Each structure stands twice: as C-alpha cells, then as structure tokens.
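Here is a short briefing to read alongside the sequence and the 3D view. Keep both open, and pick out each residue as you come to it.

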Amino acid sequence: MHIAFDPRLRVAGPLQALDARCKVLAFFALVACAASVPAPSWRAPVAFLGAATLLLLVSRIPLGAALRRLLFLVPVVLALAAVVPFAKAAGGEKVALWTGGPMVPRQGLLVLWNVSSKALVGLLCAIILAGTTGVPRLLEAFERLCVPRVLVLTMSFIHRYAITMQEELARMKRARDARGWRGRWIWQAGTLGSMAGTLFLRSYERGERVWQAMLARGYRGKLIGPSSAPLRLLDVMFVVWMLAAGLAIRFLVR
Amino acid sequence: MTAPAIRVSALTFRYPDGTRALDDVSLEVAPGERVALLGANGAGKSTLLLSLNGLCDPGGRVEIGGTPVGSRNLPEIRRRVGLVFQNPDDQLFCPTLFDDVAFGPRNLGLGEEEVQKRVHEALHRVDLATLEEKPSFHLSYGQKKRAALATVLSMQPEVLALDEPTSALHPRARREMIALLRTLSCALVVATHDLEMARELCPRAVVMARGRIVATGETSVVLADTKAMDEAELL
Ligand SMILES: Nc1ncnc2c1ncn2[C@@H]1O[C@H](COP(=O)(O)OP(=O)(O)OP(=O)(O)O)[C@@H](O)[C@H]1O
Ligand SMILES: [Mg+2]
C-alpha cells in the first residue's frame with residue numbers, strides 16, 4: 001500500500017509534527033530552486049540530492065518503502081540515457097564513458113544528469129512530503145493554500161477510489177484463492193480478465209455507496225480535517241530554512 | 001402536539017433497472033419510539049432507510065420532525081437522521097477509526113475540542129476506545145459494525161436508522177449492542193432479521209414484503225401473526 005495512504009507506515013518524527021501548509025510551501029521552495037539549476041551545472045544537483053537525502057533520513061520514513069517508490073524513475077532515466085549518444089552538441093566535445101569505452105557527447109551526459117537528478121529530487125521531496133503528512137492533511141493544506149477547488153476535489157477522489165479499488169481487489173483475490181484458484185495455467189487467464197472487469201464495477205458501486213454514506217453524514221464537498229493548531233515559529237522557520245538552503249545551493253554552488 | 005420524528009406517506013421507488021423496491025409505503029414514528037423493520041431479503045428495508053436520509057429520491061413524501069426531505073434542506077435532514085449502512089465497509093473510508101468517527105461531527109462544523117469529546121464518547125460506547133488509531137479497514141467485521149454505529153452516534157441524531165446492527169456480532173457483543181441501543185433516547189428504526197432483538201428492543205414492529213408494508217403493530221402481536229409472517233416469508 002502506498003505510504004501516504006497507510007498510517008502504519010507513518011512514524012512519529014520531527015517533520016511529521018510540522019504544519020502541513022508550511023511543509024507544502026517549504027518543499028515547493030526547495031524543488032523550485034532545484035528545478036531552476038541551469039543545464040551545464042553538475043555540482044548543484046549533487047548538493048540538492050544531498051539535501052533531499054538528508055531530509056529523507058530525518059523524516060524516518062522506512063527507506064525500503066521510499067526506494068521502491070523511486071523505482072518509478074528507472075524506466076524514464078533509461079529511456080533518456082538511450083538517446084544521449086545521439087545528442088547533437090554544438091561543437092561537441094566527446095568523452096569516453098570509461099577508459100576505452102564508447103565516446104559520447106559530454107553535453108548529452110550533462111543534460112541526462114541534470115534532468116534525472118532534478119526528477120529524483122522532485123520525487124524524493126514528494127515522497128517525504130506525502131509520507132510525513134498523509135493524504136487527508138495534505139489535501140486540506142492545499143485547500144487552505146488556495147489551490148483551486150476542482151484540483152483538490154479531483155485529488156481527494158483519486159485517493160478515495162484508489163483505496164477502494166485496493167480493498168476490493170484484496171477481497172476478490174481472497175475469495176478467488178479460497179476456492180482453490182491457482183494462477184498457473186494460461187487458460188485461466190480468462191479468470192483474470194473477468195476479475196479486472198468485475199473489480200472495476202465493484203469498486204465503482206462501492207464508491208457510490210461510500211459516497212452515499214458520506215452524504216448521509218453531512219458531507220458537502222469539503223473534507224474537514226481537525227482545525228489545525230495555530231502556526232508555530234518552528235513551522236515558519238522550516239519554510240525559511242528550506243528556502244534559504246535552496247537559494248544558497250542554487251546560487252553559491254558552482 | 002409535537003410532529004412525529006418520522007412521517008412517510010405513499011412512498012414509491014424504483015431502482016434505475018426497474019426493480020420496484022418501495023410500493024406505497026406509509027409509516028409514522030413518534031419521537032423516541034423504537035420500531036423494528038422486518039422482512040425477507042429484498043423486501044425493501046434498506047431502500048426505505050435510504051429514503052429517510054434523502055439518499056434516494058422516491059415518489060411520495062418523507063418528513064423528519066415535521067421538515068419535508070427535499071434537496072433544499074438536506075444538510076438539516078442529515079444532521080437529524082443518522083444512517084448506519086448494512087455493510088460497514090460502505091460506511092468506513094477514512095485512514096483511521098478516529099477520523100471516521102470524527103467525519104460527521106466535523107461536517108456539522110463543530111470545534112475540534114467538541115469533536116474529540118464526541119469521538120471518544122462514541123467509541124467508548126461501542127467499546128472500541130482502544131482502537132482509535134487503527135485504520136478502519138483493518139478492523140474485524142464485528143468491530144467494523146460497531147465502528148459504523150459510532151460514526152453516527154458522534155453526530156447525536158434525533159432519528160437513528162440502523163440496517164441490521166446485530167448481524168455478525170458475537171453473542172456478548174450482540175447483547176451489548178442491544179443494551180446500548182436501549183439507552184438511546186432518539187427515535188430508532190431498525191431493519192433486522194434478528195427477531196429476538198426486535199422483541200427485546202422495539203415495542204412496535206413493521207413487516208415489509210415486496211416493497212409494501214403488510215403488517216404493523218405491537219411486536220409480540222405481529223410476531224405471533226402467523227399469516228402475515230408467512231406472507232412476508234419470515235416463518
Ligand atoms: N442498486 C440497486 N439497483 C437495482 N436494484 C436494487 C438495488 N439495490 C437494491 N435493489 C433491489 O431492490 C429491492 C429491495 O432491496 P433492499 O436492499 O431494500 O432490500 P432489503 O429488504 O434491505 O433486503 P436484505 O434483507 O437482503 O438486506 C430488491 O429487490 C433489490 O434487488
Ligand atoms: Mg438490506
């Protein structure tokens with residue numbers, strides 16, 4: 001289950017205690033600084049990666065869970081890497097990948113490093129933010145930060161249906177396996193196909209009933225979290241630190 | 001004279017696929033009265049309960065405490081009518097049990113202190129106080145049933161509509177559930193197949209069959225009416 005959905009994966013920690021709005025702003029600041037690093041630079045991305053890794057350690061998010069999320073990036077980076085040798089650098093100087101290895105344009109390597117390190121920093125920050133805050137508090141923070149209503153609602157529905165589908169799938173699997181299903185034979189592929197169809201319908205109908213139950217308890221299109229405690233100095237300082245760190249790395253690391 | 005807690009008149013409802021689930025149903029429940037809703041599978045009990053909360057749009061008229069159920073006063077209706085679904089998985093959807101029980105009170109716009117108070121009280125009443133940080137989807141089925149009740153108890157409704165509250169409970173939990181329901185002062189409509197509970201909890205019973213009310217009256221009398229009970233396939 002996704003770390004942001006599963007409270008069991010959420011452990012107490014210094015980042016967990018911070019105000020959700022401030023966390024959103026702080027991580028946004030850091031990612032924005034990281035994303036604006038100009039292409040030829042390779043030291044600044046290293047520094048940003050270091051900062052993100054440090055935050056991950058501080059967050060006490062289980063490393064295994066975080067690493068599994070990062071695997072998302074592997075295909076993207078590989079696809080990018082595949083086109084690097086063909087990058088046409090203006091007056092391109094070529095470097096050997098390793099001594100005696102193939103020659104590739106230096107410019108291409110820099111671009112690859114730049115793009116994938118930025119993506120990595122972004123994803124790491126997203127994982128830390130979601131993992132230390134949880135989806136409901138995060139949505140509420142977005143709402144209070146005046147993110148457009150439509151977006152927040154869409155995200156809250158994705159969240160709800162994702163959980164619903166996961167549960168339905170678990171239930172159907174259990175029902176299937178309890179009746180001696182063994183997914184070894186190719187002619188049982190039909191079972192999987194019809195399960196997928198049923199899963200969709202069941203999740204949809206359950207979603208409808210959950211929606212009814214929400215309406216029955218006075219839901220009017222706004223998820224109301226616990227009214228958050230007033231901002232503390234620490235929350236504000238966190239935003240300032242993150243912004244300062246981001247700017248420092250961005251402009252001082254050459 | 002005060003208005004009845006529930007007044008339902010000439011209620012008719014078809015599901016989109018054409019199934020006629022309610023057929024000319026009329027019913028009145030006084031404030032604080034406890035009524036058992038009996039009937040075979042598919043008789044229309046759950047559908048009737050949905051209509052009390054404005055969750056299906058039937059032909060006819062539903063009034064809660066004198067206020068007609070209509071699109072304009074739904075927030076008011078939903079504050080006054082607590083509905084507990086037959087399947088607790090439909091009711092529970094928040095990350096933790098606490099959040100689920102707090103969902104209703106927060107929608108009522110209560111302050112966080114009051115919300116906390118109500119949640120603790122409701123969880124305590126259904127004997128789940130120790131599990132409040134657990135994700136609701138990791139509770140056992142019987143625990144989910146009780147959690148589902150807590151999610152509306154915390155809203156302190158005037159009318160409580162319960163769909164099979166005792167199914168899947170172990171004997172002790174079932175006894176405690178009945179005892180708990182007896183302590184509530186709100187009007188209670190309980191759809192159930194648990195005839196023993198109906199007898200113990202509800203002075204009055206209403207029997208449904210194929211979307212219609214076929215018998216109503218004092219519970220012991222209704223349960224002894226072999227003809228009506230047979231017609232409703234409850235014998
Ligand atoms: N979503 C739906 N779409 C179509 N028909 C439905 C739907 N839900 C219920 N029905 C039909 O409406 C009728 C009444 O259903 P309802 O759920 O009210 O019965 P019930 O008395 O609660 O039964 P049970 O004791 O099994 O819970 C049934 O014939 C049922 O098949
Ligand atoms: Mg039912």
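Arg217(A) sits in the loop of chain A that runs between helix H8 (189-216) and helix H9 (233-252). Please keep in mind that this is a predicted model. Where does the side chain of Arg217(A) reach? It comes to 2.5 Å from the backbone oxygen of Gln91(B).

**Arg217(A) and its partners in chain B**

- Arg217(A) has a relative accessible area of 0%, which is under the 20% cut-off, so this loop residue counts as buried.
- Setting aside neighbours within four places in sequence, the contacts of Arg217(A) include Gln91(B), Phe93(B), Asp100(B) and Phe103(B).
- Also in contact with Arg217(A) are Gly104(B), Asn107(B), Thr151(B), Val152(B) and Met155(B).
- Gln91(B) therefore turns up twice if you follow Arg217(A) around: it is in the list of contacts, and its backbone oxygen is the atom that the arginine side chain reaches at 2.5 Å.

**Chain B as a whole**

- Ten helices and ten strands make up the secondary structure of chain B.
- Chain B is as compact as a globular protein of its length, because its radius of gyration of 17 Å is close to the 18 Å that the globule rule gives for 235 residues.
- If you would like a feel for its dimensions, the C-alpha trace of chain B spans about 50 × 40 × 40 Å along its principal axes.
- Of the 235 residues in chain B, 58% are buried.
- Take the contacts in chain B between residues at least 6 apart in sequence: 63% of these join residues at least 24 apart.

**Surface and charge of chain B**

- Chain B has an accessible surface of about 9900 Å², and carbon and sulfur atoms account for 49% of that surface.
- Chain B carries 27 positive and 31 negative charges, and the mean positions of the two sets lie 2 Å apart.

**Two backbone angles to look at in chain B**

- Ala10(B) is not a glycine, yet its phi is positive, at about 50 degrees.
- You will find Ala10(B) in strand E1 (residues 6-14) of chain B, where it is partly exposed with a relative accessible area of 38%.
- Arg210(B), another residue other than glycine, also has a positive phi, near 50 degrees.
- Arg210(B) lies in the loop between strand E9 (204-209) and strand E10 (212-218) of chain B.
- Is Arg210(B) buried or exposed? With a relative accessible area of 52%, Arg210(B) is exposed.

Key: Residues numbered from 1 in each chain as written. Chains lettered and ligands numbered in written order. Predicted model: local features only at pLDDT ≥ 70, side-chain atom pairs only at ≥ 80, totals over all residues. Heavy atoms only, no water. Helix = DSSP H or I, 4+ residues; strand = E, 2+ residues; numbered from the N terminus. Rg over C-alpha atoms; globule rule 2.2 N^0.38 Å. Buried < 20%, exposed > 50% of the residue type's maximum accessible area, 1.4 Å probe, protein only. Contact = heavy atoms within 4.5 Å. Areas by Shrake-Rupley, 256 points an atom, 1.4 Å probe, with all protein chains shown as cover. Lys, Arg positive; Asp, Glu negative; His and termini not counted. Charge placed at Lys NZ, Arg CZ, Asp CG, Glu CD. Polar contact = N/O pair within 3.5 Å; in protein donor to acceptor, adjacent residues only side chain to side chain.
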